[in-house]
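Me: I'm new to reading protein models and I'd like a close look at one part of this one. Could you walk me through the charged pairs, and then show me how they sit in the rest of the picture?

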Amino acid sequence: MNNVIAILAAEGETLPLEESVNPLIPPLYDIVWSLIPLVVILWLFWKFILPKFQQVMDEREERIEGGLRRAEQTQAEAKEELAKYKAQLAEARSEAAKIRDDARAQGQQILADMKTEAESERDRIVASGEQQLAAQRQQIVAELRSDLGRQSVDLAERLMGEQLSDTVSRSGTIDRFLADLDRVPGAGKN
């Protein structure tokens with residue numbers, strides 16, 4: 001093999017292994033032929049794929065922003081409905097309080113009316129009782145006067161020993177006796 005190296009060295013050519021070749025840098029023809037498909041692929045990607053990708057991203061962004069806007073709008077509507085509900089609830093509570101107050105007032109009015117009616121009924125019953133009592137008193141007084149008159153006449157007859165036959169004189173005597181009896185303090189009045 002030394003002979004082959006010597007022959008080649010004599011001819012002035014360098015051997016392939018004698019050159020200093022960097023293994024990390026490919027040959028120029030490989031770089032050119034690799035760049036051409038890369039540029040074509042990049043151009044196709046830039047021309048067709050990237051716009052579609054951007055369109056999909058824009059649609060997704062629009063969908064998300066639209067969803068957020070709808071969510072915010074729905075949230076705002078929910079807050080409005082909640083405010084309306086709270087207002088209606090407050091109104092219903094105030095109306096219920098008003099109804100309770102009205103019912104209490106009506107109850108108190110009914111109670112006052114019933115008390116007034118009961119007092120007037122009591123007064124009527126008391127007045128009726130007093131009238132009955134007065135009528136009974138007059139009747140009893142009349143009966144007592146009659147009995148007292150008869151007993152007075154009987155007593156007077158016994159004391160005098162004579163019988164009063166005249167009814168006119170008898171009633172005059174009885175009336176005088178009863179008038180005298182009415183003049184006596186504390187007699188016949190209770």
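How many salt bridges does the structure hold?

Reply: Happy to, and one thing to keep in mind is that this is a predicted model. The structure holds 5 salt bridges. Here is the general idea behind them: side chains of opposite charge can pair when their charged atoms come close. Let's go through some of the pairs.

Start with E121 and R124, whose side chains meet in a salt bridge with 2.3 Å from N to O. Where are these two along the chain? They are 3 residues apart in helix α2, so about one helical turn separates them. As for how open they are, E121 has a relative accessible area of 34%, which makes it partly exposed. R124 is partly exposed as well, at 49% relative accessibility. The cut-off helps here: exposed means over 50%, so R124 at 49% still counts as partly exposed.

Now look at R122 and D123. These two form a salt bridge, and their closest N and O atoms are 3.2 Å apart. D123 is partly exposed, with a relative accessible area of 43%. R122, at 47% relative accessibility, is also counted as partly exposed.

Then go back along the chain to E62 and R69. Their side chains meet in a salt bridge, at 3.0 Å from N to O. The relative accessible area of R69 is 44%, so R69 is partly exposed. E62 has a relative accessibility of 44% and is partly exposed too.

So what do these pairs sit in? The protein has 3 helices and 0 strands, and from the N terminus on its elements run α-α-α. Helix α2 covers residues 28-160. Of the 190 residues in the protein, 5% are buried. The protein exposes about 17,200 Å², and carbon and sulfur atoms supply 60% of that.

For a contrast with the partly exposed charged residues, try G149, which also has its place in helix α2. G149 has a relative accessible area of 2%, and since buried means under 20%, it counts as buried. What does G149 touch? Leaving out residues up to four places away in sequence, G149 touches L144 and I174. There is also a link to a later stretch of the chain: G149 and D175 are 26 residues apart along the chain, and their C-alpha atoms are separated by 8.0 Å.

Finally, look at the early part of helix α2, which starts at residue 28. An unreviewed UniProt entry places the feature "transmembrane region" at residues 31-50. In the model, the chain over residues 31-50 is 100% helix and 0% strand, and the C-alpha atoms at its two ends are 26 Å apart.

There is an aromatic pair to find as well, and the structure holds 1 of them. W43 and F48 form this pair, edge-to-face, with 6.4 Å centre to centre and 85° between the planes. Why both a distance and an angle? A pair of aromatic rings is described by the distance of the centres and the angle of the planes. W43 itself is exposed, because its relative accessible area is 51% and exposed means over 50%.

Technical notes
Residues numbered from 1 in each chain as written. Predicted model: local features only at pLDDT ≥ 70, side-chain atom pairs only at ≥ 80, totals over all residues. Heavy atoms only, no water. Helix = DSSP H or I, 4+ residues; strand = E, 2+ residues; numbered from the N terminus. Buried < 20%, exposed > 50% of the residue type's maximum accessible area, 1.4 Å probe, protein only. Contact = heavy atoms within 4.5 Å. Phe/Tyr/Trp six-rings, centres within 6.5 Å; stacked < 30°, edge-to-face > 60°. UniProt positions renumbered as here; feature names shortened; annotations may be inferred. Areas by Shrake-Rupley, 256 points an atom, 1.4 Å probe, with all protein chains shown as cover. Salt bridge = Lys/Arg side-chain N within 4 Å of Asp/Glu carboxyl O.
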